[in-house]
Amino acid sequence: MSITLLTRDGCSACEAARADLDRICGELSVEFDIVDVDVAATSGDAELRAEYGDRLPVVLLDGEEHSYWEVDEPRLRADLAAAKP
């Protein structure tokens, strides 16, 4: 299961979401990636910014939108628990 946090530099909501994921994923020993949509756009991947740029931060779970504007902690914990063997 992969978790990706889509962010933008200078976004206070993005910083809060990162802190939430640091805490949650740290407790569960799960790694997550962080992608700045503006940096991705300048690197040739403008689709992320076009799709998600107006509702950052966005949490992707296995490439699918899981939550936006904030981390849905109860749902994320439930989905991560369900994925554990």
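The legends below describe close-up views of a predicted model.

**View 1. The four-stranded sheet.** The strands of this open sheet follow the order β2-β1-β3-β4, and their pairing is mixed. β2 (33–36) and β4 (64–68) are the edge strands, each paired on one side only. Direction ignored, neighbouring strands of the sheet are turned by 30° against each other on average.

**View 2. The parallel pair, β1 and β2.** Strand β1 (residues 3–7) runs parallel to β2, and four bridges join the two. One position to inspect is threonine 7, whose bridge partner in β2 is aspartate 36.

**View 3. Helix α1 on the sheet.** Helix α1 (residues 12–28) packs on the sheet and touches β1, β2 and β3 (58–61). The direction of α1 makes about 165° with that of β1.

**View 4. The antiparallel pair, β1 and β3.** Four bridges connect β1 and β3, which pair in the antiparallel sense. Isoleucine 3 stands opposite leucine 61 of β3. Along β3, Val58 and Leu60 point one way, Val59 and Leu61 point the other way, and all are buried.

**View 5. The hairpin of β3 and β4.** β3 and β4 form a hairpin, with two residues between the strands. The pairing is antiparallel and spans four bridges. Valine 59 stands opposite serine 67 in β4. In the turn, aspartate 62 has a positive phi of about 55°.

**View 6. The largest nonpolar core.** This core has 13 residues, of which Ile3, Leu21, Cys25, Val59, Val71 and Leu76 touch the most other members. At least two residues come from each of β1, α1, β3 and α4 (73–83). Helix α1 gives the largest share, four residues. In soluble globular proteins, nonpolar side chains tend to be buried together.

**View 7. The surroundings of valine 59.** Residues up to four places away in sequence are not counted here. Valine 59 touches Ile3, Thr4, Leu5 and Leu21, among others. Its contacts also include Glu64, Glu65, His66, Ser67 and Val71. Valine 59 belongs to the largest nonpolar core, as do Ile3, Leu21 and Val71.

**View 8. The second nonpolar core.** A separate core of ten residues includes Cys11, Cys14, Tyr52 and Val58. Val58 thus listed is a residue of β3 that points one way from the strand together with Leu60. Val59, a member of the largest core, points the other way from β3.

How values were computed
Residues numbered from 1 in each chain as written. Predicted model: local features only at pLDDT ≥ 70, side-chain atom pairs only at ≥ 80, totals over all residues. Heavy atoms only, no water. Pairing = 2+ DSSP bridges. Axes fitted to C-alpha atoms, helices over the stretch in contact; angles between N-to-C directions. Contact = heavy atoms within 4.5 Å. Buried < 20%, exposed > 50% of the residue type's maximum accessible area, 1.4 Å probe, protein only. Core = buried A, V, L, I, M, F, W, Y, C linked by side-chain atoms within 4.5 Å.
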